[in-house]
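Visitor: I am new here and would like to know how the words for this structure are chosen. Could you show me around?

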Amino acid sequence: MSVIYLDNAATTKMDESLLEVYRTYSCDKFYNASAGYVWGVENYKDLEKARKVILEKLGAKKGDIVFTGCATESNNIAIKGCLREGKWEYVFSKGEHPSVFNVAKRLEESGKTVKYVDLKKDGQIDYEKLSGLINEKTRLVSVMFVNNETGAINDLHRISKIVKEKNPKALLHVDAVQGFCKIPFSLSELNIDFLTISAHKFHGPKGVGALYVKNKDGFKSIMLGGGQEFGLRGGTENLAGIMAMAKICEKINVRENYGKVAILKEKMIETLNDPNIRYIKTDSPYICSFSFKGVNGETLMRALENEVVVGTGSACSSKKAGNRVLQEMGFDNDYIKSSIRISFNYNQSVKEIETAGSLILKKYYEILEKVK
Ligand code: PLP
């Protein structure tokens, strides 16, 4: 039996239909998109087409796309590009991915005024507290769309309204890595200044991401180089990766997939319905977090790995102790140590999920028997 992969929030398998486009722009049309000869110019035209595809998928009526190497880079470019001297304040949620949270910590260390928004028990940010933290000195607010560990969805409509009503000049950045091409939303209905995406989270290749920038005026580059990407991200563009990312965006039917994956999550919850197993109720159908009483999550993950692959939280921080996000939500250490993350993709079947759920349950009770 092949392994059932349920760690799609860490990364997804690249869609095989992208291999052809990846090959074309690596081996045939491999020319530098900034080169002045016809082959480079042609490639630049294709790059511009890819930009349009991403903007359309985001529902953006204005603004631009800056291609990057990954979401970590997009987040760093967005936040650090907004920094200014003086008495400015920066607001982050406590649920942010390390690629945002560690930047916030660094700002704090460098003497900037940084404020943090608490999480509620359901994993969403505390909207009232967010409102209380914003004033005329607020320069940037950074709040993620979907939490990568719990699947909690923050209400972007509510957040953009709060931010812009309290300070129309405050900038809003959204890390939408776990939401883009998964949860329906449209930038045309939201007042968002920066938004981060990463191709490998939605069946694109690794090593390519993007940052949506509503208004490039006054935004400062932290990646100085040859002036590529409007001078905001120096470095030769990864055209093969970018074209593959655009292709998968065109292929994905967000609403249809959402419906399919919602059934998978329901099936997993039903299969793991057991008095010893707790589940955090969240809105993203793609991610869920369970806690298995009396068994270490890491032990369960390792015991399962030849049959079912699950995660124990953010892949980037899974080697570090603890889980900051669950802690912020108010869960105790026993709960946190016993938790695993299960995340789906739209190519999986209900049968596969049922099989995986039964294997998880069986393995859990085997380990529980041994540790008793
Ligand atoms: N932001 C979120 C919410 C994520 O889940 C991840 C990856 O897990 C990242 C950022 C970083 O993505 P990348 O691997 O593209 O840098």
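Guide: Here are a few terms, each set against its definition. This is a predicted model, in which local features need pLDDT of at least 70 and side-chain atom pairs pLDDT 80 or more, while totals for chains, interfaces and linings use all residues. Residues are numbered from 1 along each chain as its sequence is written, and side-chain values use heavy atoms, leaving out hydrogens and water.

Visitor: Why is Cys181 called buried?

Guide: Buried means under 20% relative accessible area, exposed over 50%, and partly exposed in between (1.4 Å probe, protein chains only). Cys181 has 4% relative accessibility, so Cys181 counts as buried. Its phi is near 70°, a positive value in a residue other than glycine.

Visitor: And why is Phe230 called partly exposed?

Guide: Its relative accessible area is 36%, which lies between those two limits, so Phe230 is partly exposed. Phe230 also has a positive phi, near 60°.

Visitor: What makes the pair between Asp175 and the ligand a polar contact?

Guide: A polar contact is a pair of N or O atoms within 3.5 Å; within protein, one must be able to donate a hydrogen and the other to accept it, and residues adjacent in sequence count only if both atoms are side-chain atoms. An N or O atom in the side chain of Asp175 is 2.6 Å from a nitrogen atom of the ligand, so the pair qualifies.

Visitor: How far is a polar side-chain atom of Lys201 from an oxygen atom of the ligand?

Guide: That distance is 2.6 Å.
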